[in-house]
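User: I'm new to this structure and would like a close look at the spaces inside it. Please start with the enclosed one and then walk me through whatever sits in the open one.

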Amino acid sequence: MQERLNIQERPDIQERLDIQEQPGVQEQLDTQERPDMQEQPELQKQQECSSGNVVLIGFMGTGKSSVGRRLAARLGFRYLDTDQEIERVTGMSIVEIFTHHGEARFRAEEHEMAKTLGALRGQVVATGGGIVLNPDNLTVLREQGLIIALTARPDVVWQRVAHRTHRPLINQSITVEEIAAMMERRMPYYQSADVTIDTSDKTVREIVDQLVDYLRRREAERGERWLICQTLAVEKGG
Ligand SMILES: Nc1ncnc2c1ncn2[C@@H]1O[C@H](COP(=O)(O)OP(=O)(O)O)[C@@H](O)[C@H]1O
Ligand SMILES: O=C(O)C1=C[C@@H](OP(=O)(O)O)[C@@H](O)[C@H](O)C1
Ligand SMILES: [Mg+2]
C-alpha cells in the first residue's frame, strides 16, 4: 500500500540536482530545434533564469498532464508533454503509433523526445507513464531536471482512465487488479524521484499548491531558481 505522505523527500537523490549551466546547448536548442520559442521572449527569460526543468513522472492517470499544465502556468514556464510532442513530430496519435508501428517504435520516439526535452531548461515536462522503463530516459531528464513522481491508488487510476480510449495499454475491460499489477511492476522506477506526491485524494489545485510550496522551500534552502524567475522578470521590466 502506498504510504499516504504529502511529500516524501529523497534527500539522498536530491543532491544530484546540481544544475549544470550549458548555455551552448541551450542556445542551440532554442534557436534550431524549437524555433517557436524565439517568438516568446518572456519564456526565454524564464528559461535562462530557472534552475532547470520540473519533470513529472508516474503511472498513467496519476495526473501528470493535468498537474503539469497548471504548474507551468503558475511558474511561468513552458509546458511540454512528451506524448503531445511525439504526436506533433510524428504526425500520428499515440494509438496510431502503437497500432501501425508497435510499442517499440513508440518507445524509440519517447527516447528521442527525452533527450531533446532533457537538454532544455525552464520547462515543466509531463512524461508518459512508461518513460521510466528505459533508464537512460531518466538519466537525461535528470541532467537539467527535478524529478517529481505522482502516484495514485489503483482504484483511483481505474476511475480516472479506464473509460478513456487514447491509452493503448488501457482498455475498457481492464480491472483494478490488472492496473495494480502493472503499477507494482513499475513502482521501483518511479521511486527514484526527488519527491513523491500521492494524488489519490487531492485536487489538481492542491497538488500544484504543494509543489509550489516545495519549490519555494528549495529556493530558500538551496538558492535554486524556480518561482523567483517571474519576480526577476517583472523587476527587469518583463
Ligand atoms: N487530482 C485529480 N483529481 C481528480 N481527477 C484527476 C486528478 N488528476 C487528473 N485527473 C483526471 O484524471 C485523468 C487523467 O489525468 P492526466 O493528467 O491525463 O494523467 P496522466 O497524464 O498522468 O496520465 C484526466 O481525466 C484528469 O482530468
Ligand atoms: O504508461 C505508459 O506506458 C503510457 C502512458 C501514456 O501517457 P500517460 O501516462 O500520460 O497516460 C502514453 O505515453 C502511452 O499511452 C503509454
Ligand atoms: Mg499524460
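Which element gives the most to the lining of the largest cavity? And once that's settled, what goes on around the ligands?

Analyst: Your answer is α10, which puts three residues into the lining of the largest cavity. Keep in mind that this is a predicted model, and that goes for everything below.

Let's stay with that cavity for a moment. The count of cavities of 30 Å³ or more comes to one, and the largest cavity holds about 30 Å³ of space. Its lining is made of Gly58, Phe59, Thr62, Leu150, Thr151, Ala152, Met183, Met187 and Tyr190. Sort those residues by class and you get six nonpolar, three polar and no charged ones. Two elements, β5 (145-151) and α10 (176-190), each supply at least two residues of that lining. If you want to find the spot on your screen, look up Met183, Met187 and Tyr190, which are among the lining residues.

Now for the open space. The largest pocket has a volume of about 730 Å³. Its lining takes in 38 residues, and those closest to the centre are Gly61, Ser65, Asp83, His166 and Arg167. Quite a list of elements gives two or more residues to this lining: α4 (64-75), β3 (78-81), α5 (82-90), α6 (94-101), α7 (103-118), α9 (154-161) and α11 (204-222). The largest share, five residues, comes from α4. By class, the pocket lining has twelve nonpolar, 14 polar and twelve charged residues. Charged residues are part of the picture here, whereas the lining of the largest cavity has none.

So what is in the pocket? Ligand 1 takes up space there, and ligand 2 sits in the largest pocket as well.

Take ligand 1 to begin with. It is surrounded by 15 residues, and the closest are Gly61, Lys64, Ser65, Ser66 and Lys202. You have already met Gly61 and Ser65, which are listed among the residues closest to the pocket centre. The shell around ligand 1 has four nonpolar, six polar and five charged residues. Here α4 and α11 each supply at least two residues, and α4 has the largest share with three. Zooming in on the atoms, a polar side-chain atom of Ser66 lies 2.5 Å from an oxygen atom of ligand 1. In the side chain of Arg167, an N or O atom is 2.9 Å from an oxygen atom of the ligand. Arg164 has a polar side-chain atom 3.3 Å from a ligand 1 oxygen. On its own, ligand 1 has 560 Å² of accessible area, and the protein covers 73% of it.

Next comes ligand 2. There are 13 residues around it, and Lys64, Asp83, Arg107, Arg167 and Arg186 come nearest. Lys64 is a name to remember, since it is listed among the closest residues to ligand 1 too. The shell around ligand 2 divides into five nonpolar, three polar and five charged residues. A side-chain N or O atom of Arg186 is 2.6 Å from an oxygen atom of ligand 2, and a polar side-chain atom of Asp83 lies 2.7 Å from a ligand 2 oxygen. With Gly130 the backbone does the job: one of its N or O atoms lies 3.1 Å from an oxygen atom of the ligand. Taken alone, ligand 2 exposes 380 Å², and the protein buries 96% of that.

To link the two ligands, follow Arg167 on the structure. Arg167 is listed among the residues closest to the pocket centre, it is one of those that come nearest to ligand 2, and its side chain has an atom 2.9 Å from an oxygen of ligand 1. Asp83 is another handy marker, being listed among the residues closest to the pocket centre and among those nearest to ligand 2.

Terms used. Residues are numbered from 1 along each chain as its sequence is written. Chains are lettered from A and ligands numbered from 1 in the order in which they are written. This is a predicted model: local features need pLDDT of at least 70, side-chain atom pairs count only at pLDDT 80 or more; totals for chains, interfaces and linings use all residues. Side-chain values use heavy atoms; hydrogens and water are left out. A residue is near a molecule or strand if one of its heavy atoms lies within 4 Å of it. A polar contact is a pair of N or O atoms within 3.5 Å; within protein, one must be able to donate a hydrogen and the other to accept it, and residues adjacent in sequence count only if both atoms are side-chain atoms. Accessible areas come from the Shrake-Rupley method with a 1.4 Å probe; for residues, only the protein chains shown count as cover. On a 1 Å grid over the protein atoms alone, a cavity is a set of points where a 1.4 Å probe fits but cannot get out, and a pocket is an open set with protein on both sides within 12 Å along at least five of seven lines; lining residues have an atom within 4 Å of a point. A molecule sits in a cavity or pocket if more than half of its atoms lie within 2 Å of its grid points. Ala, Val, Leu, Ile, Met, Phe, Trp, Tyr, Cys and Pro count as nonpolar, Asp, Glu, Lys and Arg as charged, and the others, Gly among them, as polar. Grid points are joined across faces, edges and corners, and a volume is the space filled by probe spheres set on the points. Helices (H or I, at least four residues) and strands (E, at least two) are DSSP runs, numbered from the N terminus.
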